[in-house]
Amino acid sequence: MAEVLVYVDHVDGAVRKPTLELLTLARRIGDPVAVHLGAGADSAAATLAEYGAVKVLAADAPEFADYLVVPKVDALQAAYEAVSPAAVLVPSSAEGKEIAARLALRIGAGIITDAVDLEAGDSGPVATQSVFAAAFTTRSRVTKGTPVITVKPNSAAPEAAPAAGQVEQLPVTFGEKSTGTKVVSRTPRESTGRPELTEAAIVVSGGRGVNGAENFSVIENLADALGAAVGASRAAVDAGWYPHTHQVGQTGKSVSPQLYIAAGISGAIQHRAGMQTSKTIVAVNKDEEAPIFDLVDYGVVGDLFEVLPKLTEEVKARKG
Amino acid sequence: MSLRIVVCVKYVPDATGDRHFADDLTVDREDVDGLLSELDEYAVEQALQIAEGRRQGGDDAEVTVLTVGPEDAKDALRKALSMGADKAVHVEDDDLHGTDVIGTSLVLAKAVEKTGYDLVVCGMASTDGTMGVLPALLSERLGVPQVTLLSEVSVEDGKVTGRRDGDAATEQLEAALPAVVSVTDQSGEARYPSFKGIMAAKKKPVQSLDLDDLDIDADEVGLGGSWTKVDDAAERPARTAGTIVKDEGEGAKQLAEFLAGQKFI
């Protein structure tokens, strides 16, 4: 069976969930070969094997952390040349997309970004994408070279399928362009203890109606009761009430959780673009005319400061 | 020495309009109003600020705004010129219809090289394709560093520095010029063109280039030269109307019932 390269997204060997989704999708096309760059390959290998990696190609070098993107492209290209895969799959993070694009250009291959599903086809993998603020669904193929496809988080449910997953060292020679952009300093984001926004099964978001940074605790409390991530509309972020890294919408994150709860969000196109592929949508808004109600499975016309605290208590009581 | 800044912009269908596909599954540009992509306004703004900073320091700078697109794409150039860019380059050729991002990066790279550059500034993504990979592709093609997704950018002593707010960390980046930069919507609000700016823009030069001018063969671009193919596009079915209740004190309880019924709690 043909091999499929899967670029591993991890934090010091702790494999992030989108990579497990990629391994699951990769198995529809061939045997997944994981590419692990940076420290922690040995601890990652067990997880990668559990989800179907037949092999883990590992490389560690200071260049990966000290310079932006290009050293990782050099390494992924080395893996590509070592394996001659049927496809290369990369998680659709900002960095993942940049790595994938540069690799595609180097190997003379077409690239598809932000796939939400992937299946084997007669003439190569077929990628489903959600476009124009999720108003359309397209199916596309790469027609030249080895398909390079980036896949969005929450595109598949990870399924275990134990394989060998043996770690092999990947020799990498860095090109002269690899040290072009220096990472002078890196400040890791403080963990909130909540799930990652794009990976979460449930997202609770607040908008203009939250009316102040100090009021976002209402959103956070409900999120914590549900084990959810916290999102914010552009209006709330632009007002400085919540960090941009939590923005859901066209210019922020696009999320596709099992449950999306929008509180005090009117539902402008800019916001809908980032959330309307969510499986179940719930809204709480004072304005019964708010366009968000066109999208919902369940809507409550009411004051979020009345409804959310009571809902939080209900959730806690029911969860015991 | 003059700092030559080239800003790459895209003319896109209005995101608040009714966007759809043409029969050949390319983006329909006929039936919906077009405009300068909102995310590229931030790129124009940062380029203008860098140029203004240089001029205040007694150095020189020139901002060229560059687009690839049909005749109407001139509107995007006009908007950037009225914001304050000095001149424009428009790559227009019938053979470009249907070009994918790989092909577009080829055309832009050749046009940037022909124009001459020290710094290329892009937006973080277009509002229609939303891939966000063009700046990285340009960097790869031009063989210069990429300093991308910046929410803060400055140029000094032949170096570009900036802050990249990633999901996991905030990074301070630095590269020597020439370089390709992209800026996010957090980099600073874009200015509105003044009346004076709009009038001045009418007199600013717009250079037109076609594929011949850039030594690009027609089969390297367009739908035929695309390395990807869209097989089908379907309108997403409208969501079925949900239940909407008015909170008369029981809203939270009703919502909890719904969530429990869906097994979320």
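**Helix crossings and the contact between chains A and B**

Tutor: In this predicted model, helix α5 (residues 94-106) of chain A and helix α4 (residues 134-142) of chain B have axes that come within 8 Å and cross at roughly 40 degrees.

Student: Why is α5(A) called oblique to α4(B)?

Tutor: Angles under 35 degrees count as roughly parallel, and 65 to 115 as roughly perpendicular. The axes cross at roughly 40 degrees, and that makes α5(A) oblique to α4(B). The crossing in which α5(A) passes α4(B) is right-handed.

Student: Which residues make the contact of α5(A) with α4(B)?

Tutor: From α5(A) come A:Glu98, A:Ala101, A:Arg102 and A:Leu105, and from α4(B) come B:Ala136, B:Leu137, B:Glu140 and B:Arg141. Sorted by class, this contact of α5(A) with α4(B) has 4 nonpolar, no polar and 4 charged residues.

Student: How many residues of each chain are in contact with the other chain?

Tutor: On chain A there are 68 residues in contact with 60 residues of chain B. Among the elements that each supply at least two residues of the side of chain A that touches chain B are α5, β12 (181-188) and α9 (304-319). By class, the residues of that side divide into 32 nonpolar, 19 polar and 17 charged.

Student: What makes β12(A) and strand β9 (residues 169-176) of chain B a pair?

Tutor: Two strands pair if at least two bridges are found between them. β12(A) and β9(B) have 7 bridges, in the antiparallel sense, so the pairing condition of at least two bridges is met. Opposite B:Leu173 in β9(B) stands A:Val183.

Student: Why are helix α6 (residues 217-226) of chain A and α9(A) described as roughly parallel to each other?

Tutor: The axes of α6(A) and α9(A) come within 9 Å and cross at roughly 20 degrees. Angles under 35 degrees count as roughly parallel, and α6(A) and α9(A) are therefore roughly parallel to each other. In this case α6(A) passes α9(A) in a left-handed crossing.

Student: Which residues in α6(A) meet residues in α9(A)?

Tutor: In α6(A) they are A:Val218, A:Asn221, A:Leu222, A:Ala225 and A:Leu226; the residues they meet in α9(A) include A:Leu304, A:Phe305, A:Leu308 and A:Lys316. By class, the contact of α6(A) with α9(A) has 10 nonpolar, 2 polar and 1 charged residues.

Student: What does UniProt place at residues 24-218 of chain B?

Tutor: The UniProt record, an unreviewed entry, places there the feature "domain: Electron transfer flavoprotein alpha/beta-subunit N-terminal". Over residues 24-218 chain B is 31% helix and 29% strand, with the end C-alpha atoms 18 Å apart.

Note on methods
Residues numbered from 1 in each chain as written. Chains lettered and ligands numbered in written order. Predicted model: local features only at pLDDT ≥ 70, side-chain atom pairs only at ≥ 80, totals over all residues. Axes fitted to C-alpha atoms, helices over the stretch in contact; angles between N-to-C directions. Helix = DSSP H or I, 4+ residues; strand = E, 2+ residues; numbered from the N terminus. Parallel < 35°, antiparallel > 145°, perpendicular 65-115°, else oblique. Left-handed = near helix turned anticlockwise from the far one by under 90°. Contact = placed C-beta atoms within 7 Å. Nonpolar A, V, L, I, M, F, W, Y, C, P; charged D, E, K, R; others polar. UniProt positions renumbered as here; feature names shortened; annotations may be inferred.
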